[in-house]
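Reader: Could you take me through one part of this model up close? I'd like to hear how two neighbouring pieces pack, and about any odd backbone angles.

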Amino acid sequence: MAETTLSSLQDLKAATAGTPAGEGVQPVHPVYVQKLDKYGRAYATGKRKDAVARVWIKPGTGKITVNDRPVEVYFARPVLRMVLRQPLVIANRVTQYDLVVTVAGGGLSGQAGAVRHGLAKALTAYEPDLRPALKKEGFLTRDARVVERKKYGKKKARRSFQFSKR
């Protein structure tokens, strides 16, 4: 075995990487692949505040079912339906997928945010090429803000009881 002396950092890089001196090693990015179940659906879980949404997407006509009800019945306010559909609008896939959603916990606003988060994750599972666009819009990031817990000796999380001198 031939012994070589390393005189610079470039020599050390070349010796450890197995490449000629001066060439850098390109970072390897993770490869995202399509993840489908045996029925051809993509599944993801979305969360927001106390709400948890389970989302299944499959090719279809754009029908959205939330807790066995149409989306117009479950999310009656147009703003909540708009929030829910944002990932589909960004990906330009509004009428290409059918959605089946079960959502529990929290209020309607948190549930709509949870469905949006789960839908974005399910879209990336079905079509990994959509990940950069959805990530740029922030739909794949879990909003970690939750309600602060109530402390003992306080009326709410931070609110104290009314002060009186008497």
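Author: Here is a walk through one helix pair, followed by two loop residues. Keep in mind that this is a predicted model, where local features need pLDDT of at least 70, side-chain atom pairs count only at pLDDT 80 or more, and totals for chains, interfaces and linings use all residues. Residues are numbered from 1 along each chain as its sequence is written, and side-chain values use heavy atoms, leaving out hydrogens and water.

So, the helices (DSSP runs of H or I, at least four residues, numbered from the N terminus; strands are E runs of at least two). Helix α3 covers residues 78–91 and helix α4 residues 108–126; their axes sit 8 Å apart at an angle of about 10°. The axes are lines fitted to C-alpha atoms over the stretch in contact, with angles from 0 to 180 degrees between N-to-C directions. That makes α3 and α4 roughly parallel (under 35 degrees).

Who touches whom? On the α3 side, Leu80, Val83, Leu84, Gln86, Pro87 and Leu88 take part, and among their α4 partners are Leu108, Ala112, Val115, Arg116 and Leu119 (contact means heavy atoms within 4.5 Å). The residues of this contact split into 11 nonpolar, three polar and one charged (Ala, Val, Leu, Ile, Met, Phe, Trp, Tyr, Cys and Pro are nonpolar; Asp, Glu, Lys and Arg charged; the others, Gly among them, polar).

Now the backbone. Asn92, in the loop between α3 and β5 (97–104), has a positive phi near 60° without being a glycine. Asn92 counts as exposed, at 60% relative accessibility (exposed is over 50% relative accessible area, 1.4 Å probe, protein chains only). Asp68, in the loop between β3 (64–66) and β4 (69–70), is another non-glycine with positive phi, about 65°. Asp68 is exposed too, at 76%.

Definitions and conventions:
Angles under 35 degrees count as roughly parallel, over 145 as roughly antiparallel, 65 to 115 as roughly perpendicular and the rest as oblique. Buried means under 20% relative accessible area, exposed over 50%, partly exposed in between (1.4 Å probe, protein chains only).
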